[in-house]
Amino acid sequence: MTKTVLITGAAGGLGHSLEQRLSDKGWQLALVSRDSDRLQSLDRGGTALYLTGDVSTAQGAEQIITECVERWGHPPEALAHCAGSTLIVPLHRTPEEQYRACLAANLDSAFYTLKAWIQACLHHKQGGTAVLVSSVAARIGVINHEAIATAKAAVEGLARSAAATYASHGIRVNAIAPGLLRSPATERLFMGGKAEAQIAAQYPLGRYGSTEDAAAAMAWLLSDEAQWITGQILPVDGGFSASRPLVR
Ligand SMILES: NC(=O)c1ccc[n+]([C@@H]2O[C@H](COP(=O)([O-])OP(=O)(O)OC[C@H]3O[C@@H](n4cnc5c(N)ncnc54)[C@H](OP(=O)(O)O)[C@@H]3O)[C@@H](O)[C@H]2O)c1
């Protein structure tokens, strides 16, 4: 049976890698962006749903789920919540506006999307599996990451609590916690390649991540191979959060 998956942030670096991977595995896709032009560029043909909306609002998230149910007759069996942002700025220089935007993009979007999806699953008496996206910064102190660490730590709490609440309904909720993934969103950190070696050296496995690394972990958590796993936060970080790199 073809399975259905809703991917938020689908036009972003991670979302795009995941939608390619799941499309190749035969999943039926619902792809979300706030920008319809960005969605069209994904071009997955007639079988995909292209949904324009802002899942960082309760109304936006509910609308997206409603559109999936209208089209498929049931909620997506899987939710991959890739919408989010990155913010690297020290606490004392974080303007309130940037902090609120960071919470909206990372925490509100996860909360409202997961809530709307679970409500629909309960209504349709349907199980399913969701994967949220945290960050290494929620698990280990990384300088200048206070706002994003706050948001992502809350996302991890959300995943664990929802996993506990809805396990008996056949709903699994997990998250991944990536280290730095090279993508258009993070390209400026590489300073035109000048910082590449320095960034790679921070990771015990000797390289920074790719969006494919994170998408592979998400796809596995969504798959039936992970059907006895819920409430877990899977680090995808080249060993960053688990070991101290050798300092020469
Ligand atoms: N890249 C990394 O190094 C890294 C590391 C750790 C964790 N992460 C997390 O991984 C996820 C994907 O990151 P990425 O590198 O793929 O970033 P990305 O390319 O910027 O993609 C994220 C997408 O999220 C959507 N989005 C951003 N702000 C939003 C908001 N306020 N409301 C709704 N949607 C919003 C955007 O989609 P539209 O503009 O199309 O709507 C954007 O394309 C994020 O949660 C990020 O925090 C990334």
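**Around the ligand, and two helices**

Modeller: The shell around the ligand divides into nine nonpolar, 13 polar and four charged residues. Here Ala, Val, Leu, Ile, Met, Phe, Trp, Tyr, Cys and Pro count as nonpolar, Asp, Glu, Lys and Arg as charged, and the others, Gly among them, as polar. This is a predicted model, where local features need pLDDT of at least 70, side-chain atom pairs count only at pLDDT 80 or more, and totals for chains, interfaces and linings use all residues. Residues are numbered from 1 along each chain as its sequence is written, and side-chain values use heavy atoms, leaving out hydrogens and water.

Biologist: What makes the pairing of the ligand with Arg 34 a polar contact?

Modeller: An oxygen atom of the ligand sits 2.7 Å from a polar backbone atom of Arg 34. A polar contact is a pair of N or O atoms within 3.5 Å, so this one counts. Leu 181 also has a polar backbone atom 2.8 Å from a ligand oxygen.

Biologist: How much of the ligand's accessible area does the protein cover?

Modeller: The protein covers 88% of the 880 Å² that the ligand has on its own, by the Shrake-Rupley method with a 1.4 Å probe.

Biologist: Why is α3 called oblique to α4?

Modeller: The axes of α3 (residues 58-72) and α4 come within 8 Å and cross at roughly 40°. Angles under 35 degrees count as roughly parallel, over 145 as roughly antiparallel, 65 to 115 as roughly perpendicular and the rest as oblique. That crossing angle therefore makes α3 oblique to α4.

Key: A polar contact is a pair of N or O atoms within 3.5 Å; within protein, one must be able to donate a hydrogen and the other to accept it, and residues adjacent in sequence count only if both atoms are side-chain atoms. Axes are lines fitted to C-alpha atoms, for helices over the stretch in contact, and angles run from 0 to 180 degrees between N-to-C directions. Helices (H or I, at least four residues) and strands (E, at least two) are DSSP runs, numbered from the N terminus.
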